[in-house]
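Student: I would like to go through the labels attached to this model and hear what each one rests on.

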Amino acid sequence: SSGINAEYGDMQLICEAYSLMKQALGMSCDQMSQVVSEWNKGELDSFLCEISANILAFKDSDGSPLLEKIMDKAGQKGTGKWTGISALDMGVPLTLISEAVFARCLSALKDLRVTASSQLSGPPNTKYTGDKAEFVECIRQALYASKIISYAQGFMLMKQAAKEFGWTLNYGGIALMWRGGCIIRSVFLGNIKEAYDKNHELDNLLLDDFFKNAIQKCQDGWRKVIATAVTLGIPVPAFSSALAFYDGFRSARLPANLIQAQRDYFGAHTYELLDNPSTFVHTDWTGQGGRVSSTTYNA
């Protein structure tokens, strides 16, 4: 498997696409199988799309889809968990793969979810009423854009690990190696290799022209899918965390200045000023001469 356990993200993204087609569009397993087979002929050409199309088409001995008889409690060997822990340790926002791990944890709470399903209400309308074919294409775009984000985050984690452990990693070579025979093999990995071949010092995959343009093309559909899912009450944790990361990543300014002010207020943690970076200052926020400090905890 991959060092960053990218398959956790890829699998969850396909599951969210399946969930939207099934719940919001009311599609049958055969219809969904055809769609995923089509996707597998384009940018999303991958082992996981290929097997998902096969799984959707597979019939049990009574002729009905086997998939719909399988208990919706996901297992895990713990490799994704360790990837998430490494990301937290190194301060890398590996949000998508981490959300994918948490989605499995939530799925494992089957009995509690069954109880909650009869007590907690969602929106009254759970079906998409617009153009189905158009929405299916939006789902494909959401899947592709989110996958780009997931791999960008994965390569951020590898870059940080290389920095911390003094490794020299050949990122293009890693992408090529994964493309060979493991479960995340996909055409997409070839695009990653090309990005690093073009620029060995590439700061982030999202800044490569190919991926920049790909996200630009998918962006409207991606946003529409998440907004629709939210309106219909269908959980899309991987799609939505990918978009939240994208919107944060492209923000020159985030509200973390308020976090720094709060930390300085209750714990005198100090902060830097935009026009004077690297100089750490503390303010007496209450204006009464005394320092406000919270000795009980660090946030």
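**Labels and their grounds**

Tutor: This is a predicted model, and a good place to begin is its two strands: strand E1 (residues 271–273) and E2 pair in the antiparallel sense over two bridges.

Student: What makes E1 and E2 a pair?

Tutor: Pairing requires at least two bridges between the strands. E1 and E2 have two bridges, so the requirement of at least two is met. One of the residues involved is Tyr 271, whose bridge partner in E2 is Val 281.

Student: How many residues does the hairpin use to join E1 to E2?

Tutor: The hairpin joins E1 to E2 through two residues.

Student: Why is strand E2 said to lie largely in the open?

Tutor: Buried means under 20% relative accessible area. Strand E2 covers residues 276–281, and of its six residues the number buried is zero, so E2 lies largely in the open.

Student: Where do the strands come in the order of the chain?

Tutor: Read along the sequence, the pattern is α-α-α-α-α-α-α-α-α-α-α-α-β-β. The protein chain has 12 helices and two strands. Along the principal axes, its C-alpha atoms fill a box of roughly 80 × 55 × 35 Å.

Student: What share of the residues is buried?

Tutor: Of the 299 residues in the protein chain, buried residues make up 40%. As for contacts with a separation of 6 or more, 68% of them are accounted for by residues 24 or more positions apart.

Student: Why does Gln 153 count as buried?

Tutor: The relative accessibility of Gln 153 is 0%, and the cut-off for buried is under 20%. The value falls under the cut-off, so Gln 153 counts as buried. Gln 153 lies in helix H7.

Student: What makes the approach of Gln 153 to the backbone of Pro 93 and of Leu 96 a polar contact?

Tutor: The distance limit for a pair of N or O atoms is 3.5 Å, and within protein one atom must be able to donate a hydrogen and the other to accept it. A polar atom of the Gln 153 side chain lies 3.3 Å from the backbone oxygen of Pro 93. The backbone nitrogen of Leu 96 lies 3.0 Å from a polar atom of that side chain. Both distances are therefore within 3.5 Å.

Student: Which residues does Gln 153 touch, not counting those up to four places away in sequence?

Tutor: Gln 153 touches Val 92, Pro 93, Leu 94, Thr 95, Leu 96 and Phe 245.

Student: How do you know where empty space is left?

Tutor: Rolling a probe the size of a water molecule over the atoms shows where empty space is left. In this model there are two cavities of 30 Å³ or more.

Student: What makes a space a cavity and not a pocket?

Tutor: In a cavity the probe fits but cannot get out, whereas a pocket is an open set. The largest cavity holds about 60 Å³ of space, and the largest pocket about 1,900 Å³. Of the 47 residues lining that pocket, the closest to its centre are Cys 15, Tyr 18, Ser 19, Asp 72 and Ser 107.

Student: Which element gives the largest share of the lining of the largest pocket?

Tutor: H1 does, with 12 residues. The lining of the largest pocket divides into 28 nonpolar, 11 polar and eight charged residues.

Student: Which residues line the largest cavity?

Tutor: Its lining is Asp 10, Leu 13, Ile 14, Leu 44, Ser 46, Leu 48, Cys 49, Leu 143 and Lys 147. H1 supplies the largest share here, three residues.

Student: Why does that lining count as six nonpolar, one polar and two charged?

Tutor: Leu, Ile and Cys count as nonpolar, and Asp and Lys as charged, so Asp 10 and Lys 147 are the charged residues. Ser is among the others, so Ser 46 is the polar one.

Student: What is the volume of the second largest cavity?

Tutor: The second largest cavity has a volume of about 30 Å³. H7 gives the most to its lining, with four residues.

Student: Which residues line the second largest pocket?

Tutor: Among them are Ala 252, Arg 253, Tyr 271, Glu 272 and Leu 273. The elements that give two or more residues to this lining are helix H12 (256–267) and E1. That pocket has a volume of about 330 Å³.

Key
Residues are numbered from 1 along each chain as its sequence is written. This is a predicted model: local features need pLDDT of at least 70, side-chain atom pairs count only at pLDDT 80 or more; totals for chains, interfaces and linings use all residues. Side-chain values use heavy atoms; hydrogens and water are left out. On a 1 Å grid over the protein atoms alone, a cavity is a set of points where a 1.4 Å probe fits but cannot get out, and a pocket is an open set with protein on both sides within 12 Å along at least five of seven lines; lining residues have an atom within 4 Å of a point. Grid points are joined across faces, edges and corners, and a volume is the space filled by probe spheres set on the points. Buried means under 20% relative accessible area, exposed over 50%, partly exposed in between (1.4 Å probe, protein chains only). Contact means heavy atoms within 4.5 Å.
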